[in-house]
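Colleague: I'd like to learn how to read a few features off a model. Can we go through it together?

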Amino acid sequence: MTSAMVVFDVLGRIAGRTRYEVGRIHRLCLRAKGVNVGPKVVLMGKPVVSMAEGSRLTVGARSVLVSASQETALGVNHPVVLRTLRPSAEIAIGEDVGISGASICAATSITIGDGTLLGANVSIVDTDFHPIESAARRYSSMPDPSEHDKVTIGPNVFIGTNTIVLKGSSIGEGSVVGAGSVIKGKFPPRSIIAGNPARVIRQFSVGDSTAHEHRVDQVGER
């Protein structure tokens with residue numbers, strides 16, 4: 001090994017150690033804010049987190065939150081944003097979930113199943129933030145939440161980059177959502193979903209060997 005290789009090896013070890021320690025500090029900061037952080041959660045960069053008093057936010061074991069552009073192929077427009085907006089609100093992120101620069105804002109409830117992947121800059125919300133009526137919109141507070149506003153994303157779902165998931169939506173287990181889609185409504189398990197407004201393009205069964213080709217060719221990179 002040349003002297004230059006030795007230097008780069010040492011620097012690489014220092015950088016790896018530093019990144020681990022920084023991630024540990026970020027995890028401690030989340031816990032200090034009241035976030036229930038599972039074991040072996042990885043934080044690449046510092047997420048933006050705010051919680052209404054009395055709300056709940058859980059990040060399941062082994063989940064990875066990427067808030068730094070250098071840590072993911074497409075980069076991210078901003079850090080991961082996790083916000084609960086009301087005292088009774090809840091964000092529940094399952095185990096083994098991957099999130100890159102997503103914004104997740106809950107006034108009622110947002111649930112993300114185990115093994116789900118959120119591509120770069122996905123937005124998930126369960127509120128309109130402002131009233132629909134134009135006369136009241138500018139200065140009015142957030143509309144009262146409803147049980148019908150809850151968002152549920154099943155396990156093993158892949159949501160492509162820049163997708164927006166709106167209030168009252170649910171995405172069934174094993175589904176794939178095309179990049180840039182706008183999701184509003186209920187979608188069954190194992191669906192290929194894309195468009196604005198999004199619709200089911202096709203469905204596939206467990207173990208369908210063509211599903212991965214369809215995902216790569218027509219849905220887009222996360």
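Modeller: Sure, salt bridges to begin with: a salt bridge is a side-chain nitrogen of Lys or Arg within 4 Å of a carboxyl oxygen of Asp or Glu. This is a predicted model, so local features need pLDDT of at least 70 and side-chain atom pairs count only at pLDDT 80 or more, while totals for chains, interfaces and linings use all residues. Residues are numbered from 1 along each chain as its sequence is written, and side-chain values use heavy atoms, with hydrogens and water left out.

Colleague: How many salt bridges does the structure hold?

Modeller: Five. In one of them, Glu147 pairs with Lys150, with the closest N and O atoms 2.9 Å apart.

Colleague: Is Glu147 buried or exposed?

Modeller: Buried means under 20% relative accessible area, exposed over 50%, and partly exposed in between (1.4 Å probe, protein chains only). Glu147 has 58%, so it is exposed, whereas Lys150 is partly exposed at 33%. Elsewhere, salt bridges that share partners tie Arg62, Glu95 and Asp96 into one network.

Colleague: What does Ser181 touch?

Modeller: Contact means heavy atoms within 4.5 Å. Leaving aside residues up to four places away in sequence, the contacts of Ser181 include Asn162, Ile193 and Gly195. Ser181 and Gly195 are 14 residues apart in sequence, yet their C-alphas are 4.8 Å apart. Ser181 has 1% relative accessibility, so it counts as buried.

Colleague: And where does the side chain of Ser181 reach?

Modeller: To the backbone oxygen of Gly178, at 2.7 Å.

Definitions and conventions
Polar contact = N/O pair within 3.5 Å; in protein donor to acceptor, adjacent residues only side chain to side chain.
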